[in-house]
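Reader: Please choose one small part of this model and take me through it closely, then follow whatever leads out of it into the rest of the chain. I would rather have one connected account than a list.

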Amino acid sequence: MTPDLVVRGGTVVTDGWAGAADVVVAGGRVQALVEPGAVRAADELDATGRVVVPGGVDPHCHVGFTSGGFTSLDDHRECTTAAVAGGTTTIVDFAIPRPGEAPADAAARQRAKIGGGLVDSALHAGVMEWDAATAEQLRQLCDEGLRTVKMFTTYRGESMADEDTFLRVMKTLGPLGGMVVAHCEANHLVEEQQAAQAAAGRISAAHHHETRTELAEDASVAEVLAIAEALGTPVYFVHQSTAAAVDQVATARRRGVRAYTESVAHHLVLDDSLYGGPHPERFVCCPPLRPAATVAELGTRLVSGAVATVGSDHCCYDTAQKTSVDHDVRVMPNGLPGVETRLVVVQDAFVRTGRIPWTRFVEVTAAAPARLNGLHPRKGSLLPGSDADIAIWDPAVERTITAGALHQATDYTPYEGRPVTGWPTTVVVGGRVVVDGGRVVDHTARGRFLPAAPLSV
């Protein structure tokens, strides 16, 4: 096939290799990695002095997510515009059922929105409670390519699943090549902590970190790990924020348990001192930001390899939504916008500083998220045949993150004023240049639903 595009002159990085090469693209897919200058094409991108990596795969995005009385503000077009501007070319969204809604109906509702996006999207299904139809719905969802199922151990009356539901879902998913995606905070401990803080008049956003302690996360991880180990079903822990939680998973893996840790950008670089600042409501997320010492310990687990993936946990609320109930964190919308800043923040904090190499960066932000969601090697890869989703980074460009310069559908970023070095200045999606010179130049909606293959992790 005649090449449509060649990305030439750059340092190509995958999760297992880095070196000088040109990327040859034909028919929207990577055709080959070749010696520099070996192939020419009518369209070429000069990546001299740049780093060429697979487009990022964000395993944790909530698009138009409703929780309690609040709905996050972006649709797939807005979320994926922000994603691609930050070098992410695939997202994995969540189909979380509303109370009383069937998992299959939630999945159909969320899947229908994907076509409005600038990049492709996979979906996590969700189960809140077990009934007579759940097993068959899980089989149906797996047949349709939704093999990861989100479950919460907190948020009573909203999205919380009890231990029996966890057990039944894991027992059903295992033979189907599926995996549970677990949000772990022990609800009984959270409620006790919240009640104590409320009685002391310390339940506002400024005290959020005191209402969901590290103990609540660590205890819940232990319980879910025990179920997964007993059943032999894989489990993926989202947004782990403590070293102890990560270490539990790493220890279980050494015993042969198929368990995986996801961290998120804000837990790796922000700490709970921000709750003492002028806008504590902007940092209310669950789990909350942790003490600086815990953040440092979590970073060492990313460096050591104990952290499998880094997501964003993108929830696009704005300041008005946050401040409307900032007097009581029990009813506040939880979550931070981050799909656009995930890669630049992690690259600046860990690659630029020499803590991890570019190959490890590609592993945790693209290749491993794709593998653990049944999307590899189509996504998160530059292997021949993979989708030509490519991010070209200028490792020397210096920017200061500001909400006004981002594309996220909100009026703030938790990284306001943060200087970073390194940015994806050109982004190719399916062989088409969508970002050029740091600007989104193609707003065409081409989003496709990505069915997951049976997981072999």
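**The largest cavity and what surrounds it**

Author: In this predicted model, the residues that line the largest cavity are V53, P54, G55, G56, G87, L343, F361, V362, T365, A391 and W393. Two or more of these residues come from each of strand 7 (51-54), helix 12 (358-371) and strand 19 (390-400), and helix 12 has the largest share, with three residues. The space inside is about 50 Å³, and the structure holds six cavities of 30 Å³ or more. By class, the lining of this cavity divides into seven nonpolar and four polar residues, with no charged residue.

Among the lining residues, T365 repays a closer look. T365 lies in helix 12, and it counts as buried because its relative accessible area of 3% is under the 20% cut-off. A polar atom of its side chain lies 2.6 Å from the backbone oxygen of F361, and F361 is itself one of the residues lining the cavity. Once neighbours within four places in sequence are set aside, T365 is in contact with G56, V57, V310, R342 and L343; of these contacts, G56 and L343 also appear in the cavity lining.

From helix 12 the account can be carried along the chain to the loop between helix 12 and strand 19, where P377 is found. The peptide bond from H376 to P377 is cis, with omega near 10°. Most peptide bonds are trans. A cis bond is also found from C286 to P287, where omega is near -5°, and P287 is placed in the loop between helix 8 (265-269) and helix 9 (292-304).

P287 leads in turn to E217, since the two are in contact. E217 lies in helix 6 (residues 214-231) and is a buried residue, because its relative accessibility of 2% is under 20%. Its side chain is joined to that of R290 by a polar contact of 3.0 Å. Beyond its neighbours within four places in sequence, the contacts of E217 are C184, E185, H239, Q240, S241, T242, A245, P287 and R290.

H239, one of those contacts, lies in the loop between strand 15 (235-237) and helix 7 (243-254). Like E217, which has 2% relative accessibility, H239 is buried, with a relative accessible area of 2%. Its backbone deserves attention as well, for phi of H239 is near 35°, a positive value in a residue other than glycine. Most residues other than glycine have a negative phi. Y155 likewise has a positive phi, near 70°; Y155 lies in the loop between strand 13 and helix 4 (163-173) and counts as buried at 18% relative accessibility.

Y155 brings the account to open space. The largest pocket holds about 570 Å³, and among the 38 residues that line it, those closest to its centre are S67, Y155, R212, M332 and N334. At least two lining residues are supplied by each of strand 8 (56-62), strand 9 (66-67), strand 13 (148-152) and helix 5 (187-199), with helix 5 giving the most, namely five. The lining has 16 nonpolar, 14 polar and eight charged residues, whereas the lining of the largest cavity has no charged residue. The second largest pocket has a volume of about 340 Å³; its lining is made up of 20 residues, with P99, G100, M128, E129 and M160 nearest its centre, and it divides into eight nonpolar, five polar and seven charged residues.

A last point, which may matter to a reader thinking about cysteines, is that a search of the whole structure finds zero disulfides. For C79, the nearest cysteine sulfur is that of C61, 4.7 Å away, and C79 counts as buried at 1% relative accessibility. C315 is buried too, with a relative accessible area of 3%, and the closest cysteine sulfur, in C316, is 9.0 Å from its own sulfur and therefore too far for a bond.

Definitions and conventions
Residues numbered from 1 in each chain as written. Predicted model: local features only at pLDDT ≥ 70, side-chain atom pairs only at ≥ 80, totals over all residues. Heavy atoms only, no water. 1 Å grid on protein atoms, 1.4 Å probe; cavity = no way out; pocket = protein on both sides within 12 Å on 5 of 7 lines; lining within 4 Å. Points joined across faces, edges and corners; volume = space filled by probe spheres on them. Helix = DSSP H or I, 4+ residues; strand = E, 2+ residues; numbered from the N terminus. Nonpolar A, V, L, I, M, F, W, Y, C, P; charged D, E, K, R; others polar. Buried < 20%, exposed > 50% of the residue type's maximum accessible area, 1.4 Å probe, protein only. Polar contact = N/O pair within 3.5 Å; in protein donor to acceptor, adjacent residues only side chain to side chain. Contact = heavy atoms within 4.5 Å. Disulfide = S-S within 2.5 Å.
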